[in-house]
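Work through these exercises with the structure open beside you. Try each task before you read its solution.

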Amino acid sequence: MPRSRINGNFIDKTFSVVANILLRIIPTTSGEKEAFTYYRDGMSAQSEGNYAEALQNYYEAMRLEIDPYDRSYILYNIGLIHTSNGEHTKALEYYFRALERNPFLPQALNNMAVICHYRGEQAIRQGDSEIAEAWFDQAAEYWKQAIALTPGNYIEAQNWLKITRRFE
C-alpha cells in the first residue's frame, strides 16, 4: 500500500487528497504521475524520520522523473537527508546536482553555506585557522548567492556576513 494511503495526520491526508485530485485533472503522463507518487511518499517518510524509506522513494522518483526542475527538488530532498545523517560530503554533492538543474534554489545554497560554516568551526577547534577561513569564505559565497535570490531571507547569515566583513 502506498505510504500516501496510510498517513495518519490531517495535513498529510489533506495534501494526499489534493495531490490526487490534481493528478487526475492536470494532463500528465503515467510516468510523471508515478514519479510524483514516489516523491510524495518520500516526503512523507522523510517528515517522519524514516530516511531509508524516503531515499528509496526519492531514488525511484529520480528514475521516473524527466523534468529537470522537478528532479532538482528530489535531489535537494536527498541532500537534506544526507545533511541530517551528518553525511556532509554527500549532501553537498546532491545540493550541487540540484542547483545544476535549478539555479534558483536558495535553500540549497543556504544549506551548502551552513555545511561550510560548520566545517570552518571544526577547523577552528582543530587549530587550523587557515582551513577555517577557506571554509568560512566558501560559506560566505553561498550565502551571498542565496541572499541575492531571496533578499528578505537568511537574516542571521546576513548579520554574520556583516560582522565578519564578508558582505559587499
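**Exercise 1. A pair within one helix**

Task: Find where E60 and R63 lie, and state how many residues apart they are.

Solution:
- Step 1. Locate the residues. Both E60 and R63 sit in helix 3, which covers residues 51–64.
- Step 2. Get the spacing. E60 and R63 are three residues apart, about one turn of the helix.
- Step 3. Check the charged atoms. This is a predicted model. In it, the closest N and O atoms of E60 and R63 are 2.4 Å apart. A salt bridge needs such atoms within 4 Å. E60 and R63 therefore form a salt bridge.
- Step 4. Look at accessibility. E60 has 21% relative accessibility, so E60 is partly exposed. R63 has a relative accessible area of 58%, so R63 is exposed.

**Exercise 2. The chain as a whole**

Task: State how many helices and strands the chain has, and how many salt bridges the whole structure holds.

Solution:
- Step 1. Count the elements. The chain has eight helices and zero strands. Read from the N terminus, their order is α-α-α-α-α-α-α-α.
- Step 2. Check burial. The chain has 168 residues, and 41% of them count as buried.
- Step 3. Look at contacts with a separation of 6 or more. Residues 24 or more positions apart account for 47% of these.
- Step 4. Count the salt bridges. The whole structure holds six.

**Exercise 3. Salt bridges of helix 7**

Task: Which residue forms a salt bridge with E141, and which one meets D137?

Solution:
- Step 1. Start with E141. Its partner is K144, with the closest N and O atoms 3.4 Å apart. E141 and K144 both lie in helix 7, three residues apart, about one turn of the helix. E141 is partly exposed, at 38% relative accessibility.
- Step 2. Turn to D137. The side chain of D137 meets that of R166 in a salt bridge, at 3.0 Å from N to O. D137 is in helix 7 and R166 is in the segment after helix 8, so this pair ties together parts 29 residues apart in sequence.
- Step 3. Compare the labels. R166 is buried, with a relative accessible area of 12%. D137 is partly exposed, at 40%.
- Step 4. Widen the view. E133, D137 and R166 are linked in a network of salt bridges.

**Exercise 4. Two helices that cross**

Task: At roughly what angle do the axes of helix 7 and helix 8 cross?

Solution:
- Step 1. Find the helices. Helix 7 spans residues 129–149 and helix 8 spans residues 155–163.
- Step 2. Read the geometry. Their axes come within 10 Å and cross at roughly 130°. That makes helix 7 oblique to helix 8.
- Step 3. Add the handedness. The crossing of helix 7 and helix 8 is left-handed.
- Step 4. Name the residues that meet. Helix 7 brings F136, A140, W143, K144 and I147. Helix 8 brings A157, Q158, W160 and L161.

**Exercise 5. A charged residue without a partner**

Task: Is R71 buried or exposed, and how many Å away is the nearest side chain of opposite charge?

Solution:
- Step 1. Place R71. It is in helix 4, residues 68–84.
- Step 2. Check its surroundings. R71 is buried. Leaving aside neighbours within four places in sequence, R71 contacts M62, E65, I66 and R101.
- Step 3. Test for a partner. E65 has the nearest side chain of opposite charge, 7.1 Å away. The cut-off is 4 Å. R71 therefore has no salt bridge.

Terms used. Residues numbered from 1 in each chain as written. Predicted model: local features only at pLDDT ≥ 70, side-chain atom pairs only at ≥ 80, totals over all residues. Heavy atoms only, no water. Helix = DSSP H or I, 4+ residues; strand = E, 2+ residues; numbered from the N terminus. Buried < 20%, exposed > 50% of the residue type's maximum accessible area, 1.4 Å probe, protein only. Lys, Arg positive; Asp, Glu negative; His and termini not counted. Contact = heavy atoms within 4.5 Å. Axes fitted to C-alpha atoms, helices over the stretch in contact; angles between N-to-C directions. Parallel < 35°, antiparallel > 145°, perpendicular 65-115°, else oblique. Left-handed = near helix turned anticlockwise from the far one by under 90°.
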